Amino acid sequence: MTRRPIMAGNWKMNLNHLEAILLVQKLAASLNEQQLTDVEAVVLPAFTSLRSVQTAIDGDKVLIGYGAQDLSPYTGGAYTGDISGAMLAKLGCGYVVIGHSERREYHNEDDALVNAKVKAALANDLTPILCVGEGLEIREAGTHVAHCGSQLDGALDGLKAEQVKNIVIAYEPVWAIGTGKTATPEDAQEVCGSIRERLAEKYGAETADAVRIQYGGSVKAANIAAIMAQPDVDGALIGGASLDAEEFASIVRFREHVQR
Ligand SMILES: O=C(CO)COP(=O)(O)O
């Protein structure tokens, strides 16, 4: 089974819609059709930039995917400030980040809510980029594999194998996010491999083989090739480095890097 690598830029709360258009255009100019066919590149702007990003991508027929950073678990109604999966689907979004550690921490999102959001995304044909990952204390206690496994179980509760097959999972150790402290390629492999094993136990080998698992946390052009060399890492979820067109494009072209 060959899984198509997926590099997704999580722009977080950065860039207004004009800056977002500029970044998409620069990215498109830095990557050719072959590169964008070999590796899937996705941008995840703030809600306010989605319409502009859609227009820029559709207008120039760029092979870059896009999606949102969150969605409501509800279908619609009196939920002030929330955005539904149907609204995102209507904007042509292909992806939505769910359960990012920043939402778990700052918005108290628990596994049950993450599970409801995964279901809301799937109901609207959006591919969830489901984030799991441990904080520093758990890493130091050595229980990170169990912790991520339990977040995974909670997030996928009640789903069938054919639904799980379409989900992208991102392993993002919280201690490596925005800190410059990248997990070693072996650290990334340990948890990404354990996630695939767990998927195989619960949903069968075929499903586990199809799911793409990303690593996230201080990924940059200089470290991506070594991370991608790991057998169970199929891509990356990139924060800071995705705000720089050249750096992100270089991450997408990771296969061209010479490893030292
Ligand atoms: O949280 C992340 C992506 O979702 C990682 O952020 P950084 O790449 O800035 O460490």
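Select G154 first; G154 is found in helix 8, where helices (H or I, at least four residues) are DSSP runs numbered from the N terminus. The model is predicted: local features need pLDDT of at least 70, side-chain atom pairs count only at pLDDT 80 or more, and totals for chains, interfaces and linings use all residues. Residues are numbered from 1 along each chain as its sequence is written, and side-chain values use heavy atoms, with hydrogens and water left out.

Show the neighbours of G154. Leaving aside residues up to four places away in sequence, G154 touches D111 and N115, contact meaning heavy atoms within 4.5 Å. For a distance label, add Q25: its C-alpha atom and that of G154 are separated by 38 Å, with the two positions 129 residues apart along the chain.

**Helix 6 and helix 8**

Select residues 111-123 (helix 6) and 144-156 (helix 8). The two pack at an angle of about 50°, and their axes are 7 Å apart. Axes are lines fitted to C-alpha atoms, for helices over the stretch in contact, and angles run from 0 to 180 degrees between N-to-C directions. That angle makes helix 6 oblique to helix 8; angles under 35 degrees count as roughly parallel, over 145 as roughly antiparallel, 65 to 115 as roughly perpendicular and the rest as oblique. Helix 6 passes helix 8 in a right-handed crossing, a crossing being right-handed if the near helix is turned clockwise from the far one by less than a right angle, and left-handed if anticlockwise. On the helix 6 side, pick D111, V114, N115 and V118; they meet S150, Q151, G154, A155 and L156 in helix 8. Coloured by class, the residues of this contact are four nonpolar, four polar and one charged. Ala, Val, Leu, Ile, Met, Phe, Trp, Tyr, Cys and Pro count as nonpolar, Asp, Glu, Lys and Arg as charged, and the others, Gly among them, as polar.

**Helix 1 and helix 3**

Next select residues 17-30 (helix 1) and 47-59 (helix 3), whose axes come within 9 Å and cross at roughly 35°. The crossing of helix 1 and helix 3 is right-handed. H17, A20, I21 and V24 in helix 1 meet T48, S49, S52, V53, A56 and I57 in helix 3. The contact of helix 1 with helix 3 has six nonpolar, four polar and no charged residues.

**Helix 1 and helix 13**

Keep helix 1 and add residues 245-252, helix 13; the pair packs at an angle of about 45°, with axes 9 Å apart. That makes helix 1 oblique to helix 13. Helix 1 passes helix 13 in a right-handed crossing. L23, K26, L27 and S30 of helix 1 make the contact with A245, E246, F248 and A249 of helix 13. These residues divide into five nonpolar, one polar and two charged.
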